[in-house]
Amino acid sequence: MTDQALDILKLVLLGLLYLFFARVLWAVWSEVRSANSRAAQAHPVGPPADEAAATVAAATSGRSRRRDRPARGRGGRVNRLVVIEPKARRGATFPLGAEITVGRDPACTITIDGDTFVSGLHLRIYEFDGQAMVEDMGSTNGSFHNGARLNGSHLLHPGDRIQVGYTVLEAQ
């Protein structure tokens with residue numbers, strides 16, 4: 001064989017080697033991404049104890065669970081928060097009071113267990129002049145209001161989404 005043919009074969013072998021490594025890296029990356037999503041689903045966050053009790057009470061009394069939910073906000077006011085994500089907790093509803101706290105601490109109104117991106121006291125939602133306000137409590141990973149990082153206090157409107165770790169809440 002000529003030197004030119006050997007050089008071409010070397011380049012082809014080198015190209016195949018690069019393609020092999022790229023495929024291995026792609027497979028590892030895909031596995032890591034799916035493992036992260038499985039880990040988030042492996043530690044599902046169940047509904048709060050008082051909501052579970054309300055569900056059991058509704059089932060035993062023959063009333064539908066829908067009647068036990070707080071009313072939707074009317075006239076531009078937010079009356080409740082509904083969990084959109086994760087799927088294991090979707091539909092959990094929390095009525096707005098004077099103040100709602102969100103975090104991993106069991107003393108919080110909305111407790112999020114198993115999510116390492118959530119601080120002990122991560123976020124609070126409070127009433128100011130009859131309007132719901134949302135405020136990050138200096139959490140390490142931050143909170144997001146309609147996709148933008150939350151800095152300071154912001155007015156909460158019906159349809160707004162708040163993200164704390166992997167949990168997404170919708171104001172209604």
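**A chat about strand E3 and its surroundings**

Visitor: Is strand E3 (residues 99-103) enclosed or open?
Guide: Four of the five residues in E3 are buried, so the strand is largely enclosed by the rest of the structure. Buried means under 20% relative accessible area, with a 1.4 Å probe and protein chains only as cover. Strands here are DSSP runs of E with at least two residues, helices are runs of H or I with at least four, and both are numbered from the N terminus.

Visitor: Anything I should know about the model?
Guide: It's a predicted model, where local features need pLDDT of at least 70, side-chain atom pairs count only at pLDDT 80 or more, and totals for chains, interfaces and linings use all residues. Residues are numbered from 1 along each chain as its sequence is written, and side-chain values use heavy atoms, leaving out hydrogens and water.

Visitor: Back to E3, which way does strand E5 run against it?
Guide: E3 and E5 (residues 123-128) run antiparallel, joined by four bridges. Ile100 sits opposite Ile125 of E5. Strands pair if DSSP finds at least two bridges between them.

Visitor: And E4, parallel or antiparallel?
Guide: E4 (residues 110-111) runs parallel to E3, with two bridges. Val102 has Ile110 in E4 as its bridge partner.

Visitor: Zooming out, how many helices and strands does the protein have?
Guide: Two helices and 11 strands. Along the sequence, the pattern is α-α-β-β-β-β-β-β-β-β-β-β-β.

Visitor: How much of the protein is buried?
Guide: 28% of its 172 residues count as buried.

Visitor: Where's Phe20?
Guide: In helix H1, residues 3-42.

Notes:
Buried means under 20% relative accessible area, exposed over 50%, partly exposed in between (1.4 Å probe, protein chains only).
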